[in-house]
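Subject: Structure for you to look over

Dear colleague,

I am handing over the structure we spoke about, and I would be grateful if you could look through it with the notes below at your side.

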Amino acid sequence: RPKIILEGFRIVFTTPSSLLFGWAQALLLGAIIGFLGTSPQIYLEIYDLGAIYPLMIALTASNMAVASFINSRLVDKFSVEKVALAASATFALLGAVWLMFALTMGVLPLWLLVLLHQPLNFCFGLAGVNQNTMAMVPMKRVAGTAASVLGFISSAGGAVVGAIIGSFYNDTVAPIAAGFMVVGILSCIASMWGAKLQPAMPQPT
C-alpha cells in the first residue's frame, strides 16, 4: 500500500526526535560497514591472517551479541536514553584513542588493533538498539510502518557513511579510526539533540 508507506515516511520525517535518533544509529552503523568493507585489506594484506580472517569477523559479531545480552540489565539500572548516549560517547572516545595510536605507531600490533577495535563493536551493540528504541517512542500509532522507515534510514544511511569512510582507506587503519571518531561525535550530538526533543518516556519500575 503505497499510501501507507508514504504516510510512514511523512510521519518519521516530520518527527525531529525520531529522525535524529535514526540518523544517530545510521552513523554508527556506517562506521561498522566501513570497517567491514576494508577488513579484507586490513586483515589479509596488512596482517596476513589468511584462514584466521573469518574468526576476526566472528569476534566482531560476538561483541555485539554480548552487548545485546546485557543491554536489558543496563536499561533497567539506568535508562534507554542514558545507555544510548553513554555508548555513543564511548564509541567516539575509543575512536579517538584508536586514531592516536594509528597516527603515532603506523601499523599497530594485531593484539592492539583487536584491543582497540572490538570494544567499539560492543558500544555499537548498545547504542544502536537503544537509539532505535528512542526513535520509536513517538511512533506508537504507526509503529510497524515507522519501524520499516527507520530501518531504511539506518541501512541506507549506514551504507552511504560506510562507503565514504572506506573510500579514505590508504593501506593504514588511520582513516578508518578517524571515521569511527567522527561518526561517534556526530552520533552523540544527534542523540543529545533528539533527547531534548523527545517526549517523556516511562522509566522501568
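The notes that follow go through the core, two helix pairs and a handful of single residues.

Please keep in mind throughout that this is a predicted model.

I begin with the interior. The largest nonpolar core has 53 residues, and those with the most contacts inside it are V12, I42, Y43, F91, W98, F180 and V183. The elements that contribute two or more residues to this core are α1 (2–13), α2 (16–46), α3 (53–77), α4 (80–105), α5 (110–136), α6 (143–167) and α7 (174–197), and the largest share, eleven residues, is the one supplied by α5. To take one of the core residues with the most contacts, W98 is in contact with F35, L108, L113, L116, H117, L120, V173, I176, A177 and F180, once its neighbours within four places in sequence are left aside.

Next come the helix pairs, for which a general remark may help: two packed helices are described by the angle between their axes and by the distance between those axes.

How do α2 and α5 lie with respect to each other, roughly parallel or roughly antiparallel? Their axes come within 9 Å and cross at roughly 155 degrees, and because angles over 145 degrees count as roughly antiparallel, that is the description that applies to α2 and α5. The crossing of these two helices is left-handed. On the α2 side the contact is formed by S18, F21, G22, A24, Q25, L28, L29, I32, F35, I42 and Y43, and on the α5 side by L110, L113, H117, Q118, N121, F124, A127, G128, Q131, N132, M134 and A135. Sorted by class, the residues of this contact are 14 nonpolar and nine polar, with no charged residues. Two of the α2 residues in this contact, I42 and Y43, are also listed among the core residues with the most contacts.

The second pair is α5 and α6, whose axes come within 10 Å and cross at roughly 135 degrees, and these two helices are therefore oblique to each other. Here α5 passes α6 in a right-handed crossing. The contact is made by N132, A135 and M136 of α5 together with A143, A146, A147 and L150 of α6, and these residues divide into six nonpolar, one polar and no charged. N132 and A135 of α5 take part in this contact and also appear in the contact with α2.

Two buried polar residues may deserve your attention. S154, in helix α6, has a relative accessible area of 7%, and because buried means under 20%, S154 counts as buried. Leaving aside its neighbours within four places in sequence, S154 is in contact with Q25, A26 and L29, of which Q25 and L29 are also among the α2 residues that meet α5. T60, in helix α3, is likewise buried, with a relative accessible area of 4%. Not counting residues up to four places away in sequence, T60 touches H117, Q118 and N121, and these three α5 residues also belong to the contact with α2.

Two further residues link α3 and α5 across long stretches of sequence. F122 lies in helix α5 and is partly exposed, with a relative accessible area of 24%. F122 and N63 are 59 residues apart in sequence, yet their C-alpha atoms are 4.9 Å apart in space. Besides N63, F122 touches V66, A67 and I70, again not counting residues up to four places away in sequence. S68, found in helix α3, counts as partly exposed at 48% relative accessibility, and S68 and G128 are 60 residues apart in sequence and 9.8 Å apart in space, C-alpha to C-alpha.

Lastly, there are two backbone details in the loops. Which values of phi do D48 and D171 take? Phi of D48 is near 50 degrees, a positive value in a residue other than glycine, and phi of D171 is near 70 degrees, which is also positive in a residue other than glycine. D48 is placed in the loop between α2 and α3 and is exposed, with a relative accessible area of 63%. D171 is found in the loop between α6 and α7, and at 52% relative accessibility D171 counts as exposed.

With best wishes

How values were computed. Residues are numbered from 1 along each chain as its sequence is written. This is a predicted model: local features need pLDDT of at least 70, side-chain atom pairs count only at pLDDT 80 or more; totals for chains, interfaces and linings use all residues. Side-chain values use heavy atoms; hydrogens and water are left out. A nonpolar core is a set of buried Ala, Val, Leu, Ile, Met, Phe, Trp, Tyr and Cys residues joined through side-chain atoms within 4.5 Å. Buried means under 20% relative accessible area, exposed over 50%, partly exposed in between (1.4 Å probe, protein chains only). Helices (H or I, at least four residues) and strands (E, at least two) are DSSP runs, numbered from the N terminus. Contact means heavy atoms within 4.5 Å. Axes are lines fitted to C-alpha atoms, for helices over the stretch in contact, and angles run from 0 to 180 degrees between N-to-C directions. Angles under 35 degrees count as roughly parallel, over 145 as roughly antiparallel, 65 to 115 as roughly perpendicular and the rest as oblique. A crossing is left-handed if the near helix is turned anticlockwise from the far one by less than a right angle, and right-handed if clockwise. Ala, Val, Leu, Ile, Met, Phe, Trp, Tyr, Cys and Pro count as nonpolar, Asp, Glu, Lys and Arg as charged, and the others, Gly among them, as polar.
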